[in-house]
There are 2 protein chains.
Amino acid sequence: MTQNSLEICFTPAAFDAHADSEAVVVIIDVLRATSSICTAFANGVSEIIPVATVAEAREMKARGFLLAAERDGYVLEFADFGNSPFNFTAEKVKGKSVAYSTTNGTGIMKQASECHDVVIGSYLNLSALCSWIIEQDRKVVIVCAGWKRRFSLEDAVCAGAVAERLLESGRFTTICDSVHAATDLWGKARGDLLGYMEKAAQRSRLREKGLDDCIPYCHTFDVTDVIPVLSGGKLVAL
Amino acid sequence: MTQNSLEICFTPAAFDAHADSEAVVVIIDVLRATSSICTAFANGVSEIIPVATVAEAREMKARGFLLAAERDGYVLEFADFGNSPFNFTAEKVKGKSVAYSTTNGTGIMKQASECHDVVIGSYLNLSALCSWIIEQDRKVVIVCAGWKRRFSLEDAVCAGAVAERLLESGRFTTICDSVHAATDLWGKARGDLLGYMEKAAQRSRLREKGLDDCIPYCHTFDVTDVIPVLSGGKLVAL
């Protein structure tokens, strides 16, 4: 049985040290981008077009796309809605193409697009995602979107949950210290995940802006089987 | 009582997100650069001149400096010795100026030199270092040297030990997720620090090269009271 290597990259700032054109890259931004993307696909969005800059977001809106866009938790004034997963209802997104730009999550998608596959991970699709990854029989790099190039606790813990599942399959091996750290953090957090997340900086940021209503939902396992994948610059469901 | 902010940066790749000209920066590279530097000062070296590139290292040797230099654990062929703390004996370094270049530890010193103070941390000088830091009444950023822009477990755990000590003083506050992660990792490791470090990638790298003899020493608390500090591009004892 082949064992492929498993790595975690805690911040997009270090992605160049992990990038590999043969790897499956899993992007995790629990609060809130990748949870929102999984929700959108669960609710039937046809595609999501990640755009990195505010200028590109404005241009996509002008071209007639539905636009979900935020910076630092605030909805861009010309956007249709922001980055809460609760915005991506079937009523709003089913069958639509949505342009999407967020503080941390969408930039790394552009960076990672040279890799073999780029898929979107969250607690919401964790089991389906891990099963699919295991079938690929490839090196895996899990990338935490973090916060403005910094480490984020909520992404690291979710990365640890994914890593544990992949290692348990026996199909992966690791010499990556981030994997050991993330699985240990997940081990500490798992008994009371929401309680552990009380100390996360992003938890405080969202609370201050009245945007923390989605935190329990974003830490719910296996709400959907969708696996959003980057294909030709767009996210589509596998 | 003023409470200053405390941050940890897990990799030099993300240093720009933490850099602050008003901050005290603590550089940690447990295996082996900062442990070796502390040992050198404990043994009476007069100054250490960090140089980032192999070309600069060669030039310093040509200019007559004693040269300690390695890449990936191997001593550069024109160097006097490599990066084991056991090389920096009083016999070799007492009263000398040593030029010093390592894979990970010395590059970040150049990056951090714009900050208010840059000091060298390790388990070997942990108590003296923390007491001095607390007296400064300034923001603190602990930077883990990591491994080639990646996260390193041994540096993160030591950063957690320093962070715990600083937070216990009551003089610091943090909204930095890396601090929470590092202190949790330190909490998990502290009961059997060497046992925990068995899984660290750098532990395996050093073992493969027969360079792991220094690992127990590098995880020994409070061998010395020296606090090496960067001053005008050189490390000197405070």
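How many residues of chain B are in contact with chain A? The count is 25 residues of chain B, which meet 26 residues of chain A. The model behind these views is predicted.

**View 1. The side of chain B that touches chain A.** Three helices of chain B each supply at least two residues of this side: H6 (153-168), H7 (177-189) and H9 (201-208). H7(B) gives the largest share, with 7 residues. Sorted by class, this side of chain B holds 13 nonpolar, 5 polar and 7 charged residues.

**View 2. The axis that relates the two chains.** Two copies of a chain are related by a rotation about an axis and a shift along it. Here, a turn of 180 degrees and a shift of 0.0 Å along the axis lay chain B on chain A. The RMSD of that fit is 0.0 Å. This is therefore the relation of a two-fold axis. B:Ala13 has the C-alpha nearest the axis in chain B, at 2.8 Å from it. The same surface serves both copies, since 100% of the contact residues of chain B recur in chain A.

**View 3. The largest nonpolar core.** In soluble globular proteins, nonpolar side chains tend to be buried together. The largest nonpolar core of this model has 168 residues. Which of them touch the most other members? They are A:Ile27, A:Val143, B:Val26, B:Ile27 and B:Val143. Take A:Val143 as a sample. Leaving out residues up to four places away in sequence, A:Val143 touches A:Cys9, A:Pro12, A:Phe15, A:Val25, A:Val26, A:Ile27, A:Ile28, A:Ile108 and A:Ala112.

**View 4. Helices H6 and H7 of chain B cross.** The axes of H6(B) and H7(B) come within 7 Å and cross at roughly 100 degrees. That angle makes H6(B) roughly perpendicular to H7(B). From H6(B), the contact uses B:Ala156, B:Val157, B:Ala159, B:Gly160, B:Ala161, B:Ala163 and B:Glu164. From H7(B), it uses B:Val179, B:Ala182, B:Thr183, B:Leu185, B:Trp186 and B:Ala189. By class, the residues of this contact are 10 nonpolar, 2 polar and 1 charged.

**View 5. A:Thr183 in helix H7 of chain A.** A:Thr183 sits in H7 (residues 177-189) of chain A. Is A:Thr183 buried or exposed? A:Thr183 counts as buried, because 20 C-beta neighbours lie inside 10 Å. Its C-alpha is 4.1 Å from that of A:Gly160, although the two residues are 23 apart in sequence. Leaving out residues up to four places away in sequence, A:Thr183 touches A:Gly160, A:Ala163 and A:Glu164.

**View 6. B:Asp155 in helix H6 of chain B.** B:Asp155 is part of H6 of chain B. B:Asp155 has 32 C-beta neighbours inside 10 Å, so it counts as buried. Beyond residues up to four places away in sequence, B:Asp155 touches B:Ile28, B:Asp29, B:Val30, B:Cys144, B:Ala145 and B:Gly146. B:Ala14 is 141 residues from B:Asp155 along the chain, and their C-alpha atoms are separated by 15 Å.

**View 7. Helix H1 of chain B and its surroundings.** Why is H1 (residues 33-42) of chain B called largely enclosed by the rest of the structure? The reason is that 10 of its 10 residues are buried. Among them are B:Ile37, B:Cys38 and B:Phe41. Just after H1(B) comes B:Gly44, with a positive phi of about 90 degrees.

**View 8. Cis peptide bonds in both chains.** Most residues other than glycine have a negative phi, and most peptide bonds are trans. In chain A, the peptide bond from A:Leu31 to A:Arg32 is cis, with omega near 15 degrees. A:Arg32 lies in the loop between strand S2 (24-28) and helix H1 (33-42) of chain A. In chain B, a cis peptide bond joins B:Leu31 and B:Arg32, with omega about 15 degrees. B:Arg32 belongs to the loop between strand S2 (24-28) and H1 of chain B.

**View 9. Positive phi in two loop residues.** A:Arg149 is not a glycine, yet its phi is positive, near 75 degrees. A:Arg149 lies in the loop between strand S8 (140-144) and helix H6 (153-168) of chain A. With 18 C-beta neighbours inside 10 Å, A:Arg149 counts as partly exposed. B:Asp222 is not a glycine either, and has a positive phi of about 60 degrees. B:Asp222 is in the loop between helix H10 (215-218) and strand S10 (228-231) of chain B. B:Asp222 counts as exposed, because it has 12 C-beta neighbours inside 10 Å.

Notes. Residues are numbered from 1 along each chain as its sequence is written. Chains are lettered from A and ligands numbered from 1 in the order in which they are written. This is a predicted model: local features need pLDDT of at least 70, side-chain atom pairs count only at pLDDT 80 or more; totals for chains, interfaces and linings use all residues. Two residues are in contact if their C-beta atoms, placed from the backbone, lie within 7 Å. Helices (H or I, at least four residues) and strands (E, at least two) are DSSP runs, numbered from the N terminus. Ala, Val, Leu, Ile, Met, Phe, Trp, Tyr, Cys and Pro count as nonpolar, Asp, Glu, Lys and Arg as charged, and the others, Gly among them, as polar. Copies are superposed by least squares on the C-alpha atoms of residues with pLDDT of at least 70 in both. A nonpolar core is a set of buried Ala, Val, Leu, Ile, Met, Phe, Trp, Tyr and Cys residues joined through C-beta atoms within 7 Å. Axes are lines fitted to C-alpha atoms, for helices over the stretch in contact, and angles run from 0 to 180 degrees between N-to-C directions. Angles under 35 degrees count as roughly parallel, over 145 as roughly antiparallel, 65 to 115 as roughly perpendicular and the rest as oblique.
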